[in-house]
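Take a look at the sequence and the 3D structure below. Keep both in view as you read.

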Amino acid sequence: MLRSARLRIPPHPRPFSAPGPLRAITTIPTSGGPIAPPPPLPTPAAAAITRCPPKPIGDISSIFPSLYSKRPPNSSLPARFAAIKSSLLACTPSQLQSSFDSLVNSLESEIAHIQEHGSSVVPTVEFSDLKSAARDATTLAEIQKRGTIVIKNVIPKDEALELKASVRDYIAKNQGRVKAFPPGPSPSVYEIYFSPAQIRARTHPSILSVQRFLIHSLWGGGSASQPLEGIDTLTPLSYADRLRIRPPGDVQFSLGPHVDAGGVERWEDPTYSSVYASIFSGNWHSYDPFSRAAILLREKAALDMYNSPGGCSALRLWQGWLGLSSTGPGEGTLRVYPLLKHSTAYLMLRPFFRPVREGDLNGPWTFADPVTPDLPGAIPTFVQEFSESTHPHLQLSKAMVSVPKVEPGDYVAWHCDEIHALEKRHNGKQDSSVLYIPAIPWSPRNVEYVKRQRDAMEMGGVAPDFPGAGVEGCGEKGWEGQGGWQHVHEGSGEEGKRALGWGLVKRAFGMGN
């Protein structure tokens, strides 16, 4: 049963204060300077977390080889990757071949089903039904199989449109300071992280409820009897991300099929690769993308070994966005590969196989002996990309589907290993707009990240993972109408402030679940 997180946090000696009493409001506050919270007490395990050096300045194109404008990235990997790949295998080549063949056969039948049903395979749940969905094994299993969910009516439509109007106003007031992609008069994605609308949306009580459902009910079945060391799946934190306002007719911001949360790291980092141990053991059927053990491994893994600009260094279990426009298939929306276990198993096994006849992608495939350094679609500092030539058995052109039509106030989420893309062309008549709001749990890694992010919000700085914001990467300092603590949603109370890093204090790690 879905329930609210309740943490016993000692009162801080300096109480929270705001420009005025928190109250029900119909417009987003735009006046008043940022409110600085009291300095937090140390958190456990903080000393054990190594802080990465500052990331180089970039924008969203910096992590996509297909968008990278400076020079074509070198896709050849050092010879050491052959040894790395060989060390991962926990079965014989023949056992791995049998597993790979089984996977390819299963893909064929599953893709035929997707072709028949299209976007309707993506599970859709009403926000008002989340509590019952959390107890419905069939619903949970279907969401886990597809790796994607559309949640309808998370916030009222008029409130979502008010957020959109606020974002537009913030952009208009800060022309000349806003960095966006693609460059030019009609950008689609904005390097803005701390606008009043974004802070209000991230701390909306309904968004926090959705995040609890995604993290607690779907990762490990919402078990309260198996505590996770240092991780509380009932207490979401907030990860500041970009926003998108894609104009009609746009063809430039067309992200191809990819997976975030690293590229070569999935093989190179020993802890990260352990998430996929059953796949490397020749038993892809037993791989569980939502296992509670995987949360701990991802928490400790090197998700961003190369400190790439825009690479996510937090433990982000779900990516997601809040819709701010009425957008359907063909109107510049999200596309997903709705076979999470299959696509992840294929991603991890593909580097070990090659066509029997060179260049014959449609013919039989065999284990590549000797093992090569190749990791198709993976290049250090970039996300993992996919194409018909690098990953032919996925049949991307047949199996990728657009998410069902969304309205302002709907929320879409996809698993951190889900293949996703953006439609190549926006054929709609109005903009396709979203606030990116992923779901991250309370964990030592995320606490440390959110503390740095909170400091950036207060000072008008740059979100830790996104150093390209603002003029010369200086963030939103001094922007007119800059967001702050006064824009926390009045309905979320202490929970909303805590999600942004308010009063992070020492707590008994290992007691959460």
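This report goes from the whole chain to a sheet, then to some helices and single residues.

## The whole protein

This is a predicted model. Its secondary structure comes to 15 helices and 17 strands. The protein has 513 residues, and buried residues make up 59% of them.

Contacts often link distant parts of the sequence. Take the contacts between residues at least 6 apart in sequence: 85% of these join residues at least 24 apart.

## An open sheet

An open sheet is formed by 8 strands. Their order is 1-2-14-8-16-6-4-3, and the pairing is mixed. Strand 1 (124-126) and strand 3 (180-181) are the edge strands, since each pairs on one side only. Helix 7 (residues 205-217) packs on the sheet. Helix 7 touches strand 2 (148-152), strand 8 and strand 14, and its direction makes about 25° with that of strand 14.

In general, strands of a sheet pair through backbone hydrogen bonds, either parallel or antiparallel. Both kinds of pairing appear around strand 2. Strand 1 and strand 2 run parallel, joined by 3 bridges. Here Glu 126 stands opposite Lys 152. Strand 2 and strand 14 pair in the antiparallel sense, over 4 bridges.

## Strands 2, 14 and 8

How many of the residues of strand 2 are buried? The count is 5 of 5, so strand 2 is largely enclosed by the rest of the structure. Thr 148, Val 150 and Lys 152 point one way from the strand, while Ile 149 and Ile 151 point the other way. Strand 14 is mostly covered too, with 5 of its 5 residues buried. Tyr 411, Ala 413 and His 415 point one way from strand 14; Val 412 and Trp 414 point the other way.

Now follow the bridges of strand 14. On the strand 2 side, Ile 149 stands opposite Ala 413, and Thr 148 has Trp 414 as its bridge partner. Strand 8 (residues 318-323) also runs antiparallel to strand 14 (residues 411-415), and 5 bridges join them. There, Gly 320 stands opposite Ala 413, and the bridge partner of Gln 319 is Trp 414. Ala 413 thus faces Ile 149 in strand 2 and Gly 320 in strand 8.

## Helix 5 and its buried side

Helix 5 (residues 157-173) has 17 residues. From its first C-alpha to its last, helix 5 reaches 24 Å, close to the 24 Å expected at 1.5 Å a residue. Its buried residues are Glu 159, Ala 160, Leu 163, Lys 164, Ser 166, Val 167, Tyr 170 and Ile 171. Why do they lie on the same side of helix 5? They cover an arc of only 160° around the axis, which puts them there. A general rule helps with the spacing: an α-helix has 3.6 residues a turn, so residues three or four places apart point the same way.

What covers these buried residues? The cover includes strand 4 (189-190), helix 6, strand 6 (243-246), strand 8 and strand 16 (432-436).

## Gln 198 in helix 6

Gln 198 sits in helix 6 (residues 196-202). Is Gln 198 buried or exposed? Gln 198 is buried, because its relative accessible area is 2%, and the cut-off for buried is under 20%. Leaving out residues up to four places away in sequence, Gln 198 touches Ile 192, Tyr 193, Asp 241, Arg 242, Leu 243 and Leu 435.

## His 393 and helix 12

His 393 lies in the loop between strand 12 (384-385) and helix 13 (396-399). Its relative accessible area is 15%, so His 393 is buried. Not counting neighbours within four places in sequence, His 393 is in contact with Phe 100, Val 104, Leu 107, Ile 111, Tyr 346, Leu 361 and Trp 365. His 393 and Asn 105 are 288 residues apart in sequence, yet 9.4 Å apart in space, C-alpha to C-alpha.

Which residue's side chain makes a polar contact with the side chain of His 393? Tyr 346 does, at 2.8 Å. Tyr 346 is one of the buried residues of helix 12. In helix 12 (residues 340-349), 9 of the 10 residues are buried, so the helix is largely enclosed by the rest of the structure. Among the others buried there are Leu 340, His 342 and Met 348.

Terms used:
Residues numbered from 1 in each chain as written. Predicted model: local features only at pLDDT ≥ 70, side-chain atom pairs only at ≥ 80, totals over all residues. Heavy atoms only, no water. Pairing = 2+ DSSP bridges. Helix = DSSP H or I, 4+ residues; strand = E, 2+ residues; numbered from the N terminus. Contact = heavy atoms within 4.5 Å. Axes fitted to C-alpha atoms, helices over the stretch in contact; angles between N-to-C directions. Buried < 20%, exposed > 50% of the residue type's maximum accessible area, 1.4 Å probe, protein only. Polar contact = N/O pair within 3.5 Å; in protein donor to acceptor, adjacent residues only side chain to side chain. Expected span 1.5 Å × (residues − 1). Arc of directions from axis to C-beta.
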